[in-house]
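Colleague: Mind if I quiz you on the labels people attach to this model? I'd like to see the reasoning behind each one.

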Amino acid sequence: SSPSQESGSPGSRPGTRCQAIMARTRAGLLSLLACLGALSGVSAQIMSIDLGHEFFKVALMRQGKNLEIVLNAHSKRKTTTAISFFEHVRVFGDDALAHQGKAPAKVPMFFHSTIGKNYSAEDVVVGGKWWADFGLGDTFYAYDLVYNADRGTPAFKFGEEVMSGEEVLAHLFYFCKEMAEASGEGDIFTVKDVVITVPPDATLRQRQAVVAAAEIAGLRVLTLVHEGSAFAVQRAVDYSPEQGNSELALFYNLGARKVEATVVRFEARSAGMVKGKTAPVVTVLGSVSDSRVGGHLMDLKIAKVMLKRFQDKHPKLAEGVATNSKALRKLLAQAQKTKAVLSANKVAPFTAESLYQDTDFQTTIKREDFEEMCTDMFAVLTEPIEQALAAANATLKDLMHVEVVGGAWRVPKVQQILSAYLDEGKGEKLPLGQHLNGEEAGAFGAALIAANASTSFRLRKIFFSDITHHEYAVQAVALNGDWEKNKTTLYPLGAPLGGKKKLSFHTETDFAVRVFEDGVLVTEYTVTGVSELMEGKWKDYNRTSQPKISATVPLEMSGIIELKGPLVSVEESFWVNVTKEKKKSNLTGNATGNATQKNASASESDESSASGEEANASAGNGSSADDEPEIELKLKKKKHEKKLTVKRKDFFPLPLVDAQVSEMKVKLADIIAKEGEVQALAGLKNELEAAIYGARDKLDHDDIVKVSTEEQRAELSSLATELEDWMYETGHHKADFEAKLSAVRALLAPMEERAHELELRSGFDETVADAIADMKKVRAHIEANMSWVNSNKTEAASKKLADFEEWWAKKHESQAALPLHEAPAYTVKDVNEKMAKIQKDFDKLKKTKKPKEPAAKVEKNATDSKSSKKKKDKEAKAAAAEEKLPEDLATAEKELESVREKKAAAVEAEDFDAAHSLKQREEALVGQIQRIQAANSEL
């Protein structure tokens, strides 16, 4: 039999849990994608990763935030799918690409399409099957591969370190997680949920590998989404036909490493309780991928031709340039730029400075030459469309829309071939739609699917269904070999994802369920517990039939299939005694009776059978022997059900089990921790270096010279020279750098402090004297004008001021006697703090309000009410304010100006009673002036 592995439960590589319900929003109003209401107080985040071969994109949906693309450290919206293990600290994206020319074997790229495939030891050798699937050759990409015989999979070797493909991919996913968490603009949050795009033809093992990689990175996969499906969902945000109409659309995704054609049906249906409200319906009908075509394959065509031209031009360098990874990287990078230029120009330059051994290389390439290089790819451009339409049972005439996405569709020849093919098949012009951002729509669409799978987001629905691109069948066999069921196809090719088929049959023995993918055995579930029950608890049951086995075999939206919840049940029949009361006759009509009856009750369990209890009857007056109850036997049935034990056995290539995932998570955490130490050490080294050069520079400054002796400066200079040599030594640890940095600061910091204090002390004596004088003025004002202030508080504040004056005099005298190279007797900061405390006390006393005078007592027999008294007081004040008002305008205006000045002075002195009286006089004068002016105007 094929090599295999066993795990303790069917959930050793659990599939993701997802729903087939889609979410809807508007692309032009992405702010509305923030959740309208969270069901919990904890903010939710969902990250989506559009995992391309050449670039990956990360989108993030957060509660209360816009759905947005996450920028990398270089503020770019897409990141190169590359990881570098060249240095002690891993780098990703363009930073990793820079290492590809130095150590290509330590910079894995374009590798994830080979994860989860079955290979032998011979396949991983250069020229073997792995390299054929890799598809990019071994000239511009060179990996050091080893074979894991236990799993039947290749692994990458980075020096002494060996990593599986899932583990390498996990590093990339963790980097995506860090990118998303760093995009919060000050908000701190953790990303745990993720949705990842995969090719539609990804096998079960490939999907399990992606899920395992995410789990190693500390992420929970909500679902896996087909790339073409993600584009279709994003398109449904802006477009859906009228209700009752159905339209077919083709999504043509030409990426770096493959082309994918997806046929989708768009419809609209009623949604919600509002009449006329509709939601789009997206149904994937067919999807086909072809790895013979790709944008990066075109880059390689140009690079190979340019390499040949250089070799022809420089024969002596021909052999060396072909094996020089730095030169090959330059050729490939320039090939990518040249291809982009050829999309807009018919001729493009190809320049590589100092390509090899300081030899520059310059040439040109024509668009027709480039198109001739890619003739084999252009010849198969339309085949995926034909196959996808055949799977959808449709033709070109049925298509209403075509959307081109991906990066390579911009090649003019590609557009020309597609347009001619579609127009001819349709019989009319069918334009190549560009409504989507081909670089980002996949990440956005995947995020929408994931948001709908979360209860933390509420979006308008997009009803969505996708299909499987593989056939899945099961077969049940007895473990003892007595019987074997026929193979049953549960999910044929093109079956909808999200199905939940039930497996049911009868047996009395333990059994196994085999799962086949496209006719190949991938997993076997060994189910035990039936034989034990039949020989034990259920042995003596009077069974009506053989035990029935039932289990579910769901094909989840992620495309992962597994056996779940196997149960065994039997039906037992048994007899019980049932008491039946006889009918009583009453001939006289006067006799009355009172009967009490107990019916037999059966107590059932797995250990005991049913038993009956005979009923007793007692009659009142007029009873006889004919009234005794009748006992009869009744047949009853009971169902017994038990869960069965499942053990999973996988066949090559073996997926990772839980223990391996946990081990790799620990390993990744260790790598991250060590990188943190390396980065911290590098930071300390930079700090120490800066401190050394800074100390040498400051020793020549005049302010440092003033506050230090020649011996102190010489000691610091000697330490700086010693440390400069020490830094070139190896084997130092973090604690060593911290100690050396502290030593430099211990000598330099006191000098800097003395220089700083010397500068601050300039003119500080006058500042202190002015502050003391101001506080004494406040004290004098309080003693002279604010008799209501508590004298004890005034004396306490005065005592503090006197103590400060005495302390300041001593400190000032001590500082005058100290040489500048010694620690100062005081710091300006300490003096200011002491003065601030005393000033606060005096300010508090100054703001003390004058207490109100007690109101006059009112006699008991007084007839005026409280409100009447207030009214009279108000009238009296008003009358007083109007006494002796000037009769001429000039006198009134002059007095008004004087009153206003007095009122302002009273307010500043906090004499609020005087200010109130003056305000009343001011109001009276204003009224008088208005009256005088009115009288003058009449005249």
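## Labels and the values behind them

Modeller: Sure, and let's start with a crossing: helix 19 and helix 20 pass each other in a left-handed way. Bear in mind throughout that the model is predicted.

Colleague: What makes helix 19 roughly antiparallel to helix 20?

Modeller: The axes of helix 19 (residues 764–785) and helix 20 (residues 791–817) cross at roughly 160 degrees and come within 11 Å. Anything over 145 counts as roughly antiparallel, so helix 19 earns that label against helix 20.

Colleague: Which residues make that contact, and how do they divide into nonpolar, polar and charged?

Modeller: From helix 19 you get F764, D765, V768, I772, M775, K776, R779, I782 and E783. Helix 20 brings T794, S798, L801, F804, E805, W808 and H812. They split into eight nonpolar, three polar and five charged.

Colleague: And why are helix 17 and helix 18 called roughly antiparallel?

Modeller: By the same cut-off, over 145 degrees. Helix 17 (residues 710–726) packs on helix 18 (residues 734–760) at about 155 degrees, with the axes 11 Å apart, and therefore the two are roughly antiparallel. The crossing there is left-handed. On the helix 17 side the contact uses Q712, R713, E715, L716, L719, L723 and W726. On the helix 18 side there are D736, F737, K740, A743, V744, L747, L748, M751 and R754. The tally for this contact is 10 nonpolar, one polar and five charged.

Colleague: What makes helix 5 largely enclosed by the rest of the structure?

Modeller: Just a count: of the 12 residues in helix 5 (residues 227–238), 11 are buried, so the helix is largely enclosed. The buried ones are E227, G228, S229, A230, F231, A232, V233, Q234, R235, A236 and V237. For the protein, 45% of the 939 residues count as buried.

Colleague: How do you know that E439 is buried?

Modeller: The cut-off for buried is under 20% relative accessible area. E439 comes out at 18%, so it goes in the buried class. E439 sits in the loop between helix 12 (412–426) and helix 13 (441–453). Skipping neighbours within four places in sequence, E439 contacts D50, K57, K78, G407 and R410.

Colleague: What about E440: buried or exposed?

Modeller: Buried, because its relative accessibility is 10% and the limit is 20%. E440 is also in the loop between helix 12 and helix 13. Its contacts, again leaving out neighbours within four places, are I69 and R77. As for sequence versus space, E440 and E68 are 372 residues apart along the chain, with their C-alpha atoms 9.7 Å apart.

Colleague: What makes the phi of F110 worth a remark?

Modeller: It is positive, near 55 degrees, and F110 is not a glycine. F110 belongs to the loop between helix 1 (94–100) and helix 2 (129–134). With 1% relative accessibility, F110 counts as buried, given that buried means under 20%.

Colleague: And D358: buried or exposed?

Modeller: Exposed: the label needs over 50%, and D358 has 69%. D358 is another non-glycine residue with a positive phi, about 60 degrees. You'll find D358 in the loop between strand 17 (347–356) and strand 18 (359–366).

Colleague: Which residues does a cis peptide bond join, and what is omega there?

Modeller: F652 and P653, with omega at about -5 degrees. P653 lies in the loop between strand 29 (645–651) and helix 15 (658–698).

Colleague: How many helices and strands are there in the protein?

Modeller: There are 24 helices and 29 strands. If you take contacts between residues at least 6 apart in sequence, 72% of them join residues at least 24 apart.

Colleague: Last one: where does pLDDT stay under 50?

Modeller: One stretch is residues 7–42, for which the model has 113 contacts beyond four places in sequence. Another is residues 587–625, with 51 such contacts. The protein averages a pLDDT of 86, and 87% of the residues score at least 70.

Note on methods:
Residues are numbered from 1 along each chain as its sequence is written. This is a predicted model: local features need pLDDT of at least 70, side-chain atom pairs count only at pLDDT 80 or more; totals for chains, interfaces and linings use all residues. Side-chain values use heavy atoms; hydrogens and water are left out. Axes are lines fitted to C-alpha atoms, for helices over the stretch in contact, and angles run from 0 to 180 degrees between N-to-C directions. Helices (H or I, at least four residues) and strands (E, at least two) are DSSP runs, numbered from the N terminus. Angles under 35 degrees count as roughly parallel, over 145 as roughly antiparallel, 65 to 115 as roughly perpendicular and the rest as oblique. A crossing is left-handed if the near helix is turned anticlockwise from the far one by less than a right angle, and right-handed if clockwise. Contact means heavy atoms within 4.5 Å. Ala, Val, Leu, Ile, Met, Phe, Trp, Tyr, Cys and Pro count as nonpolar, Asp, Glu, Lys and Arg as charged, and the others, Gly among them, as polar. pLDDT is the predictor's confidence in each residue, from 0 to 100. Buried means under 20% relative accessible area, exposed over 50%, partly exposed in between (1.4 Å probe, protein chains only).
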